[in-house]
Amino acid sequence: MDGVNQTTVKEFILLGLTGQSEQEEVIFAMFLWMYLVTISGNLLIILAISCDPHLHTPMYFFLANLSGVDISAPSVTVPKALVNHVLGSKSISYTECMIQIYFFITFSNMDGFLLSVMAYDRYVAICHPLHYTMMMRPRLCVLLVAISWVITNLHALLHTLLMVRLRFCSHNAVHHFFCDPYPILKLSCSDTFVNDLMVLTVGGLVFLTPFTCITVSYVYICAKVLKLQSARGIRKALSTCGSHLTVVSLFYGSILGIYMHPSSTYTVQDTVATVIFTVVTPMVNPFIYSLRNRDIKGALRKISIRS
């Protein structure tokens, strides 16, 4: 680096998705609406599962945890963007930015781990139905979720500490509505080789392990379904997996190509994909699970009748 303007950055400027005030008004309205729908929809799922004893099963225990993560994930990024728009500000402090990165990584990875645990639950239910109660004991379910939280928090801590060691000089404008790790890395005037290496190795491992578990689980499920003789049995097996497969496809379809390449190649298309899995996916998950699940619809109907 040459010796020009080496002042340490104390805040970042979030330029948003477009940088044009007219479009930002529309985006603000959309984000506010989607955030409110996300919070209310996922809270309803948690409430329905909590209030109906018939839903106190491993599958719905994992679904309630997924809804909790889907509330938390957009809450890390969206409220700050909304508040900044109302106040006419685009700034976020360095400390707030690092905190945002930590929880963004934690909740994003937690989504993947919960989806993999849910895939394993479906595998046991379809391939080993007679041993389901014994294999999916409550203690094991809690342990699987607890281990997932430990791994995702340690992973987020690693990347956040690596980010903190970097220097940020004159450039502090982020072409995003939150502190996405890749756009932030592009602003650093330090060597980001170690950061990129950790993303591709440790990050790849943490990301691909749940994806591999999901894939293997559904390979066994498909093999089991193909052996079923009755059409009714096939429909029943597929109906229990349909909602989960839809969510998996939406989540991994948007995230797969974003963080599996060096930060220097981050593009506008990656920004759009980030919006999909950070804002859109948590919003549509409750609709996917409630519209295609009779038990959830029944529990929600009971709640509406009581109220």
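Asp70 is found in helix H2, helices here being DSSP runs of H or I with at least four residues and strands runs of E with at least two, numbered from the N terminus. The model is a predicted one, so local features are reported at pLDDT of at least 70 and side-chain atom pairs only at pLDDT 80 or more, while totals for chains, interfaces and linings use all residues. Residues are numbered from 1 along each chain as its sequence is written, and side-chain values use heavy atoms, with hydrogens and water left out. Asp70 is buried, because its relative accessible area is just 1%; the cut-offs are under 20% for buried, over 50% for exposed and in between for partly exposed, with a 1.4 Å probe and protein chains only. Setting aside neighbours within four places in sequence, Asp70 is in contact (heavy atoms within 4.5 Å) with Thr38, Asn42, Asp111, Pro282 and Asn285. Asp70 also sits 9.1 Å from Ser108, C-alpha to C-alpha, with their positions 38 residues apart in sequence.

Ser108, Asp111 and Pro282 turn up again around a cavity: they are among the residues that line the second largest one. A cavity is a set of points on a 1 Å grid over the protein atoms alone where a 1.4 Å probe fits but cannot get out, and its lining residues have an atom within 4 Å of a point. Grid points are joined across faces, edges and corners, and the volume is the space filled by probe spheres set on the points. On that basis there are four cavities of 30 Å³ or more, and the second largest holds about 50 Å³. The rest of its lining comes from Ala73, Phe104, Phe107, Phe251, Phe277 and Thr278. By class, the lining has six nonpolar residues, two polar and one charged, where Ala, Val, Leu, Ile, Met, Phe, Trp, Tyr, Cys and Pro count as nonpolar, Asp, Glu, Lys and Arg as charged, and the others, Gly among them, as polar. Helices H3 (94–127) and H9 (268–291) each put in at least two residues, with H3 giving the most, at four.

H3 itself is mostly covered, with 27 of its 34 residues buried. Its end C-alpha atoms are 50 Å apart, which agrees with the 50 Å that 34 residues should span at 1.5 Å a residue; the expected span is 1.5 Å times one less than the number of residues. H5 (138–164) passes the same kind of check, since its 27 residues should span 39 Å and its end C-alpha atoms are 39 Å apart. The buried residues of H5, including Cys141, His155, His159 and Met163, pack against H2 (58–87), H3, H6 (181–187) and H7 (193–227). Val164, also in H5, is partly exposed because its relative accessible area is 41%. Beyond its neighbours within four places in sequence, Val164 is in contact with Tyr94 and Met98. Val164 and Tyr94 are 70 residues apart in sequence, and their C-alpha atoms are 9.5 Å apart.

Tyr94 also brings in the aromatic side of the story. The whole structure has 17 aromatic pairs, a pair being rings of Phe, Tyr or Trp (its six-membered ring) with centres within 6.5 Å, called stacked if the planes are under 30 degrees apart, edge-to-face if over 60 and tilted for the rest. Phe12 and Tyr94 count as stacked, because their ring centres are 6.2 Å apart and their planes lie at 25°. Phe12 lies in strand E1 (11–14) and Tyr94 in H3, so this pair ties together parts that are 82 residues apart in sequence. Phe12 also pairs edge-to-face with Phe168, at 5.3 Å centre to centre and 90° between the planes. That second pair links E1 to the loop between H5 and strand E3 (173–174), where Phe168 lies, 156 residues from Phe12. Both ends of this pair are buried, with relative accessible areas of 0% for Phe12 and 3% for Phe168. Elsewhere, ring pairs link Phe31, Phe104, Phe177, Phe178, Phe207, Phe211, Phe251, Tyr252 and Phe277 into a cluster.

As for the overall picture, the protein has ten helices and three strands, in the order β-α-α-β-α-α-α-β-α-α-α-α-α along the sequence. Of its 307 residues, 48% count as buried. Among contacts with a separation of 6 or more, 79% are between residues 24 or more positions apart.

Terms used:
1 Å grid on protein atoms, 1.4 Å probe; cavity = no way out; pocket = protein on both sides within 12 Å on 5 of 7 lines; lining within 4 Å.
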